[in-house]
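The following exercises concern one protein chain. Please attempt each task before reading its solution.

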Amino acid sequence: MTAARATGTKTKTPGNRLDDARGRLSAERVAAAARIAALERDIATIVESAKGGATDDEHDAEGATIAFERAQAMALLEETRTQVEALDTALARVDTGSYGVCESCGQDIASERLAARPSATLCITCASRRR
Ligand SMILES: [Zn+2]
């Protein structure tokens, strides 16, 4: 039985890069979750004030403003939720070690791109090709 057999074979992972990425992704996720909470509060407030307001008459200018504000907040909420999903996916990819690798061509995603967009799953070439 040779005890030292399994060591030394799988130590070539770029640990620092992934740890950095995990930290950044986690921080972004926390920030996004906070934005979601704030937006949900905003929407609740808007809905509440709409109820308090006189009518939901379509001809009421106030009602239209409230509807618009609510629609905007909802769109922003949806967008932020999508961001959280993307960050979760990226974090899962950190765990499996596939983070920073293009999903399409398998090449490394440039670190500048990951710095600007930590949840990117495609390299610049593949991302621009998809448009
Ligand atoms: Zn690619």
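**Exercise 1. The order of the elements**

In what order do the elements of the protein run from the N terminus on?

Solution. The model is a predicted one: local features require pLDDT of at least 70, side-chain atom pairs count only at pLDDT 80 or more, and totals for chains, interfaces and linings use all residues. Residues are numbered from 1 along each chain as its sequence is written.

Step 1. Helices (H or I, at least four residues) and strands (E, at least two) are DSSP runs, numbered from the N terminus.

Step 2. From the N terminus on, the order is α-α-α-α. The secondary structure thus comprises four helices and zero strands.

**Exercise 2. Confidence**

State what pLDDT the protein averages, and where the value falls below 50.

Solution. Step 1. The pLDDT is the predictor's confidence in each residue, from 0 to 100. The protein averages 85, and 82% of the residues score at least 70.

Step 2. Over residues 6-12 the pLDDT is below 50, and this stretch has zero contacts in the model beyond near neighbours in sequence. Two residues are in contact if their C-beta atoms, placed from the backbone, lie within 7 Å.

Step 3. Where pLDDT is low, the predicted coordinates should not be read in detail.

**Exercise 3. The span of helix α2**

Compare the expected span of helix α2 with the distance between its end C-alpha atoms.

Solution. Step 1. Helix α2 covers residues 61-96, which is 36 residues.

Step 2. The expected span of a helix is 1.5 Å times one less than its number of residues. For α2 this gives 52 Å.

Step 3. The end C-alpha atoms of α2 are 53 Å apart, which agrees with the expected span.

Step 4. After α2 comes G97, whose phi is positive, near 85°.

**Exercise 4. Burial along helix α2**

Classify G63, A67 and A71 as buried, partly exposed or exposed, and identify the buried residues of α2.

Solution. Step 1. A residue is buried if 20 or more other C-beta atoms lie within 10 Å of its own, exposed if 12 or fewer, and partly exposed in between; C-beta atoms are placed from the backbone.

Step 2. G63 lies in helix α2. Because G63 has 16 C-beta neighbours inside 10 Å, it counts as partly exposed. G63 and K51 are twelve residues apart in sequence, with 9.9 Å between their C-alpha atoms.

Step 3. A67 is also found in α2. With 15 C-beta neighbours inside 10 Å, A67 is therefore partly exposed. Its C-alpha atom is 8.9 Å from that of V47, 20 residues apart along the chain.

Step 4. A71, likewise in α2, has 11 other C-beta atoms within 10 Å and is therefore exposed. The C-alpha atoms of A71 and I43 are separated by 9.0 Å, although these residues are 28 apart along the chain.

Step 5. The buried residues of α2 are A73, L87, A90 and V94. In the protein, buried residues make up 13% of the 131 residues.

**Exercise 5. The largest nonpolar core**

Identify the residues of the largest nonpolar core and explain where this core lies.

Solution. Step 1. A nonpolar core is a set of buried Ala, Val, Leu, Ile, Met, Phe, Trp, Tyr and Cys residues joined through C-beta atoms within 7 Å.

Step 2. The largest such core has eleven residues: A21, L25, L87, A90, V94, Y99, C102, I109, L114, A120 and C123. The elements that give two or more residues to this core are α1 (15-52) and α2. The most come from α2, with three residues.

Step 3. Domain bounds come from an automatic or database domain assignment. Because domain 1 (17-97) and domain 2 (100-131) both give residues to this core, it lies between them.

Step 4. Leaving aside its neighbours within four places in sequence, L87 is in contact with L25, E28, R29, A32 and S119.
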